[in-house]
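User: Could you walk me through a few local features of this protein? I'd like short answers with the reasoning shown.

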Amino acid sequence: MAEHDLTALLAAQMDRHLVFPLLEFLQERQLYSEPEILEAKIRLLSGTNMVDYAMDIHKSLHGTDDVPEDMVRRRAEVVSRLRSLEEAAAPLVTFLQNPQLVQELRPDKQYNIHMLQDRYQIGPDQIEALYQYAKFQFECGNYSGAADYLYQYRALCTNSERSVSALWGKLAAEILMQNWDVALEELNRLKEIIDSKNFSSPLNQLQNRIWLMHWALFIFFNHENGRNGIIDLFFQDRYLNAIQTNAHHLLRYLATAVVVNKRRRNMLKELIKVIQQEQHSYKDPITEFLECLYVNYDFDGAQQKLMECEQIILNDPFLGKRIEEGNFVTVPLRDEFLESARLFIFETYCRIHRCIDIGMLAQKLNMSYDEAELWIMNLVRSSKLDARIDSVSGTLMMMTNHVNVHEQIIESLKVLASPDDLHLGGNLLDGQIPESLAGQYLSLGGPGAKYKMKILYVENYK
């Protein structure tokens with residue numbers, strides 16, 4: 001299923017540190033060979049200060065304890081640079097580590113800057129050094145320290161561009177530490193800035209939204225309310241436009257979130273519309289499953305795609321999260337997706353068939369006959385589905401309630417305040433309807449009313 005692997009597309013929109021968890025997942029799933037994964041890790045590490053980690057991977061890849069000379073030189077450079085930045089940022093770091101001194105800071109940044117300069121001889125150079133020190137710590141893999149320093153830097157920074165850059169770094173650090181609640185707060189804060197900021201060009205703003213949506217995947221598929229979050233964000237016009245412009249592959253995650261979120265089933269129609277619009281730009285078994293079922297009504301095709309969906313989920317770093325429960329390993333999202341997808345198939349099939357062979361339905365649901373019969377029985381019991389199972393013939397009979405047309409008219413009239421509200425006056429209640437009105441529309445609620453009812457079978461009222 002490597003043909004449907006989105007890692008390369010996702011990595012292009014992420015900070016290189018965020019790509020490591022993706023590679024770890026691929027390595028665990030053995031979707032690629034071990035040497036390929038290790039080579040990819042070394043290429044990523046070459047742009048960071050995590051030299052010791054790169055050395056360890058090099059030793060593992062080549063089966064040796066020796067490391068290239070350039071790695072040794074690079075390590076010496078990193079250590080030297082780290083010491084230099086520590087010295088430059090030391091005055092401000094020492095101040096921030098003292099709780100009593102920190103209490104002197106106020107929400108007014110200008111006041112803080114003047115106070116630090118006058119009382120502690122800490123000026124713009126030291127504040128800038130704090131940013132560089134925090135950034136260097138992040139590149140070394142010290143995400144906790146980087147997050148703290150970047151937070152403190154933003155409280156003192158008056159440069160809006162640098163402040164936004166620090167917020168991106170803070171968001172990445174919180175994601176890598178798996179602090180999902182804090183990461184969600186930073187995500188929302190960054191979104192507000194992106195949506196309100198005046199960018200040099202619309203393309204820059206579009207790119208920032210694309211970055212934000214990619215980084216948000218870590219949060220949305222780990223936070224307890226993430227499935228609502230991804231639907232809320234991705235369906236906003238500006239963000240949906242960004243997906244349709246240059247991030248079509250994100251439809252996989254939006255589609256999955258809609259399928260497994262029973263409370264957001266109302267977004268299914270809009271999702272199908274977008275999938276149809278973008279079918280020539282992007283498709284995978286998850287989007288094709290929905291298209292087969294709701295556009296083409298191809299149940300055999302939907303059955304085949306559903307089997308492929310399971311592998312897509314298992315091999316996706318965001319969808320295939322595993323949880324160990326005792327001696328068992330489960331993939332919760334896989335189980336929820338399959339359950340919801342089977343329900344989609346069942347509901348759609350029942351809408352267009354009255355008598356359904358359970359054996360045939362079991363095949364379309366990728367279940368055994370006994371599993372399908374039990375599943376349908378539980379579904380009928382737990383829902384308002386008007387149906388019964390004939391175990392002898394092995395069929396599911398959908399019961400149809402035929403509502404009398406006369407009863408429909410009478411029930412509709414009950415909502416009226418009085419007979420005078422009828423546009424036709426009292427003739428209807430008196431049973432005197434002119435034949436000329438047959439086939440015409442009865443206005444409920446007076447002239448200009450929203451709801452109208454066509455008068456049929458006038459002869460029955462004479």
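Analyst: Happy to; here are some notes on a helix, the cysteines and the cavities. This is a predicted model, where local features need pLDDT of at least 70, side-chain atom pairs count only at pLDDT 80 or more, and totals for chains, interfaces and linings use all residues. Residues are numbered from 1 along each chain as its sequence is written, and side-chain values use heavy atoms, with hydrogens and water left out.

User: What span does helix 2 reach from its first C-alpha to its last?

Analyst: Helices here are DSSP runs (H or I, at least four residues), numbered from the N terminus. Helix 2 covers residues 16-29, 14 residues in total. The expected span is 1.5 Å times one less than the number of residues. That gives an expected 20 Å, and helix 2 comes close to it at 21 Å.

User: Which residue takes a positive phi just after helix 2?

Analyst: The phi there is about 55°. The residue is Gln30.

User: Is Cys157 buried or exposed?

Analyst: Buried means under 20% relative accessible area, exposed over 50%, and partly exposed in between (1.4 Å probe, protein chains only). Cys140, at 25%, is partly exposed. Cys157 has a relative accessible area of 4%, so Cys157 is buried.

User: How many disulfides does the structure hold?

Analyst: A disulfide is counted when a pair of cysteine sulfur atoms lies within 2.5 Å. By that rule, the number of disulfides in the structure is zero.

Note on methods
Helices (H or I, at least four residues) and strands (E, at least two) are DSSP runs, numbered from the N terminus.
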